[in-house]
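Biologist: I should like to learn how the features of a structure are read. May we go through one together, step by step?

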Amino acid sequence: MFTVRLSGAPLGPPWDLAAWDSEAWPFTSAAADSPDELYALWDGAVARSRARLATALADGGLDQLVHACAPDGTRASLRRLVCDLIEEYGRHTGHADLLREAVDGLTGEDPPPGWRPRAGQPIPGS
């Protein structure tokens, strides 16, 4: 969605073939996917979004207008888009954390000792 809101480009694979009109799709779409496949999709989306953000920042900075706009046609700035996506990401992370806590019973803000991200790659710039 970052790319769609940034430039208006269509969703790419595999999201372009998704059954978005089905209410069940968000809950059933990954049922047959392995954790490694899902992590690979996530890692790819993160890498593409970071690259596109870096290009956009180099091409015009945070105050440039993006494709996303309000119903009245007022376009958002890249700064607004980034802030909105940070808020949305945090909200969804909170939802996922509640589901995870219901499954494994662990609570708190920090991962268990010894936990490492699946990709095993440090995040550039961190």
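Biologist: What should the 27 residues of α4 span, at 1.5 Å a residue, and how far apart are its end C-alpha atoms?

Modeller: Please note at the outset that this is a predicted model. The expected span of a helix is 1.5 Å times one less than its number of residues. For α4, with 27 residues, the expected span is therefore 39 Å, and the end C-alpha atoms are 38 Å apart, which agrees. Just after α4, Gly-105 takes a positive phi of about 75 degrees.

Biologist: Which elements does the protein chain contain, and in what order do they run?

Modeller: The protein chain has four helices and two strands. Read from the N terminus, the order is α-α-α-β-β-α. The C-alpha atoms fill a box of roughly 45 × 40 × 25 Å along the principal axes.

Biologist: How do strands β1 and β2 run, and how many bridges join them?

Modeller: Strand β1 (residues 65-69) and strand β2 (residues 75-77) run antiparallel, and two bridges join them. Within this pairing, Leu-65 stands opposite Ser-77 in β2. The hairpin has five residues between the strands, and Gly-73 in the hairpin takes a positive phi near 95 degrees.

Biologist: Let us turn to empty space. What volume does the second largest pocket have, and which residues line it?

Modeller: Rolling a probe the size of a water molecule over the atoms shows where empty space is left. The second largest pocket has a volume of about 170 Å³. Its lining includes Arg-5, Cys-69, Thr-74, Arg-80 and Glu-88. The elements that each give two or more residues to this lining are β1 and α4 (78-104). The largest share, four residues, comes from α4.

Biologist: How many residues of each class are in the lining of the second largest pocket?

Modeller: The lining has five nonpolar, one polar and four charged residues.

Biologist: Finally, is Thr-3 buried or exposed?

Modeller: Buried means under 20% relative accessible area. Thr-3 has a relative accessible area of 15%, so Thr-3 is buried. Thr-3 lies in helix α1 (residues 2-7), and its side chain makes a polar contact with the side chain of Arg-52, at 2.7 Å.

Biologist: What percentage of the residues of the protein chain count as buried?

Modeller: Of the 126 residues of the protein chain, 10% count as buried.

Note on methods: Residues numbered from 1 in each chain as written. Predicted model: local features only at pLDDT ≥ 70, side-chain atom pairs only at ≥ 80, totals over all residues. Heavy atoms only, no water. Pairing = 2+ DSSP bridges. 1 Å grid on protein atoms, 1.4 Å probe; cavity = no way out; pocket = protein on both sides within 12 Å on 5 of 7 lines; lining within 4 Å. Points joined across faces, edges and corners; volume = space filled by probe spheres on them. Nonpolar A, V, L, I, M, F, W, Y, C, P; charged D, E, K, R; others polar. Buried < 20%, exposed > 50% of the residue type's maximum accessible area, 1.4 Å probe, protein only. Polar contact = N/O pair within 3.5 Å; in protein donor to acceptor, adjacent residues only side chain to side chain.
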